[in-house]
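Me: I would like to learn how to read a structure like this one, feature by feature. Could you take me through it slowly?

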Protein chains: 2
Amino acid sequence: GAAAVAPTEDPYRNEPRRHPALIVRSDKPFNGETPAELLVASPVTPNDMFFVRHHLPVPVIDNDKFTVTVEGAGMRSLQLSVQQLQQNFKKAQVAATVQCTGNRRTEMKAAPAPGGSGAQIKGLDWEVGAISNAEWGGVLLRDVLLAAGLQPGDASVQHIHLIGLDTDMTGTPYAASIPIDKALSEAGDVLLAWEMNGQPIPADHGGPLRVVVPGTTGARSVKWIGRIVASADECQGHWQQKDYKAFSPGTDWDAIDWSAAPAIQEMPVVSAICEPAEGAELSTYDGEVTIKGYAWSGGGRDIIRVDVSADGGKTWSPAKLSKHPHSRPSRAWAWTLYEATLPLPEGFKGQLQLACKATDQSYNTQPEDVSSIWNIRGLVNNAWHKVNVSVVE
Amino acid sequence: GAAAVAPTEDPYRNEPRRHPALIVRSDKPFNGETPAELLVASPVTPNDMFFVRHHLPVPVIDNDKFTVTVEGAGMRSLQLSVQQLQQNFKKAQVAATVQCTGNRRTEMKAAPAPGGSGAQIKGLDWEVGAISNAEWGGVLLRDVLLAAGLQPGDASVQHIHLIGLDTDMTGTPYAASIPIDKALSEAGDVLLAWEMNGQPIPADHGGPLRVVVPGTTGARSVKWIGRIVASADECQGHWQQKDYKAFSPGTDWDAIDWSAAPAIQEMPVVSAICEPAEGAELSTYDGEVTIKGYAWSGGGRDIIRVDVSADGGKTWSPAKLSKHPHSRPSRAWAWTLYEATLPLPEGFKGQLQLACKATDQSYNTQPEDVSSIWNIRGLVNNAWHKVNVSVVE
Ligand SMILES: [Mo]
Ligand SMILES: [Mo]
């Protein structure tokens, strides 16, 4: 509890060491993004380069004593160590991309509030790197819930609460919930994971045990999972009810009715250009530009096409896609990397605007500009990604 | 077979009578759309005003002798009359919107091919009315497949073929397939339906028995269903392989690689303005404009917001939504009707461009303009819908 913490102790005194290449967006809590060129360097992001998004201090956990509690009305309460999960349940492996709801907020912040209201977006200054991809190993949350006696079809259970071991100064933990259909679906692939790219999950990524909710915004993939509760109601915590919701472009802070929008779960189709970087200088002698980036969509929807443009979106060409080998139709939880080489007009010198947009298997695509999706929290920015470069001699 | 048809006989001689208010887009086969103002007149579209999209002549069926065949490798073959379906399976009722993949093609046709290629879109001239909503009654396709001995998890079954009784001059029937996961999912709500808004399904809508694949493009909701086959492979028919796929804006007819895009199944988020009509004259004395329309998304994704604009999309206001009472989260198969009243600048006279765009529960939204989604078949147009009106004294 809070009383045990001396007022002079820094709650962030036990933070793990981090790779110096992570681009720090805040120190306490720590938030750091993966450099764009490293995102496209490999289909899975190395553990120490995986973006870090914390809301609270990293909790100090004795891995040997760690257990997760699973409970709910009419269920037997289980307390399970990682070893018990490993011994008593079937192992599941899922390649899944995790993306912060605020990825690419900087572009939205750079755009004026629609209608000239002067409204100001609040949130961390993420560029394109609040997203990473890993191979997760663990057990299906579904299997653990069924072992605890949850009855599929029990209408009194509508949400699964996921409660972390990280707490604020008052002792309130980070918490979220996901809909029961996602948690129980065999095709939902929701994991209690202890493995990340073949290694024990590092403290910064939720070890010894975290939730991975594939296809869903990162905020629901609760790290350091301490308690799982089957409930009739959605989680009433701050991050479920008063954050991670996006409103109409005209809605300012003083006009927000938080109950008017559902908590963000599945994410829309997104893409970004990771190379070249904004402001890069290309040589006119090359006569072409090679664009590399990622595309991803929520809900397991596969990326069926990425279009790239070297004229700001007037004309488009399809890129070459690199599908993750584990993708199955409608369970494409991992991102798609892409690459395209576009010819430049002969002898061209000057400014070029590169752009990309992806189409997913439901034929959803991305809006042209942030202005139509602009929202006061700067969330779910999936506008075309644009990068300005110059071609010089 | 074809040999039985005398060459002088019109295969369209047995077409049913249609409501004269349907807007005819082709006679043979018959294609007619619902007038926009009738779409928003009621949450379910009356049977005789439901849009009609045929690829072939309406088959002549003796309802008393009608059966559907269900079969597949390792399964027992079933032949089931509508009465047997009614007596031996649990009745299911699903409110579901059906939309033609080519809805709103006229807007795409009116836009020039990107890059000045002069490429020409081919397809029926649908405006906003190739979409309608009904309450369907029948049995779950899932239940019938399980009764025929289909084993869930059998990796040799990946697609369910849906073969109609309507045939072309060579005897080839209309056919499509859907992925096994959609067909077998309890949450997929795929129906073999004999009831439409409480009435037997009329011949024009696939009676005595049709498939309704909620959340999926209309082309997979096969009418006059004659045969259902569990298969390892996707349907190889024309409408699955050589149509109902959309390509990059720069792809012209001669460059199409049909195998490069998946058959459209789930549809993207869409919306349209049904009132006022293009070119309408509003009175300056009213000082406001009331906009009515529909919004819908594929895959059961609910509509969480519709934004409307009276300045061509510079500023947006959320509309009031009318949710279908049967909608459940993630199984929102029925459209959402909306209404918004926007004030006009005092004394304003002149031209206004109204616009709408919807956001679904995955926070997918619509692209601003048809140019970025322009495709040679004019499919899946989900750009903002824009309507030009004038305000006069
Ligand atoms: Mo986040
Ligand atoms: Mo269609």
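Me: Is B:D189 buried or exposed?

Reply: The general idea is to look at the relative accessible area of a residue, and a residue counts as buried when that value is under 20%. In this model, which is predicted, B:D189 has a relative accessible area of 5%, so B:D189 is buried. The matching residue number in the other chain can be read in the same manner, for A:D189 has 5% relative accessibility and therefore counts as buried.

Me: Where in chain B does B:D189 lie, and what is the sign of its phi?

Reply: A residue is placed by naming the elements on either side of it, and B:D189 lies in the loop between α5 (180–184) and β10 (191–196) of chain B. Its backbone deserves a look as well, since the phi of B:D189 is positive, at about 60°, although B:D189 is not a glycine. In chain A, A:D189 lies in the loop between α5 (180–184) and β10 (191–196), and phi of A:D189, a residue other than glycine, is near 60°.

Me: Which peptide bonds in chain A can I look at as cis examples?

Reply: Here the angle to read is omega, and the bond from A:K28 to A:P29 is cis, with omega near 0°, while A:P29 itself lies in the loop between β1 (23–26) and β2 (31–33) of chain A. The bond from A:G207 to A:P208 is also cis, with omega near 15°, and A:P208 sits in the loop between β11 (199–200) and β12 (210–212) of chain A.

Me: How many helices and strands does chain A have, and how compact is the chain?

Reply: Chain A has six helices and 22 strands. Its radius of gyration is 22 Å, close to the 21 Å that the globule rule gives for 393 residues, so chain A is as compact as a globular protein of that length. Buried residues make up 59% of those 393 residues. Of the contacts in chain A between residues at least 6 apart in sequence, 72% join residues at least 24 apart.

Me: What turn lays chain A on chain B?

Reply: To relate two copies, one asks for the turn and the shift that superpose them, and here a turn of 180° with a shift of 0.0 Å along the axis lays chain A on chain B with an RMSD of 0.0 Å. That is the relation of a two-fold axis. Among the residues of chain A, A:P367 comes closest to the rotation axis, with its C-alpha at 2.1 Å. The copies meet through the same surface, because 100% of the interface residues of chain A are also interface residues in chain B.

Conventions: Residues numbered from 1 in each chain as written. Chains lettered and ligands numbered in written order. Predicted model: local features only at pLDDT ≥ 70, side-chain atom pairs only at ≥ 80, totals over all residues. Heavy atoms only, no water. Helix = DSSP H or I, 4+ residues; strand = E, 2+ residues; numbered from the N terminus. Rg over C-alpha atoms; globule rule 2.2 N^0.38 Å. Buried < 20%, exposed > 50% of the residue type's maximum accessible area, 1.4 Å probe, protein only. Contact = heavy atoms within 4.5 Å. Least-squares fit on C-alpha atoms with pLDDT ≥ 70 in both.
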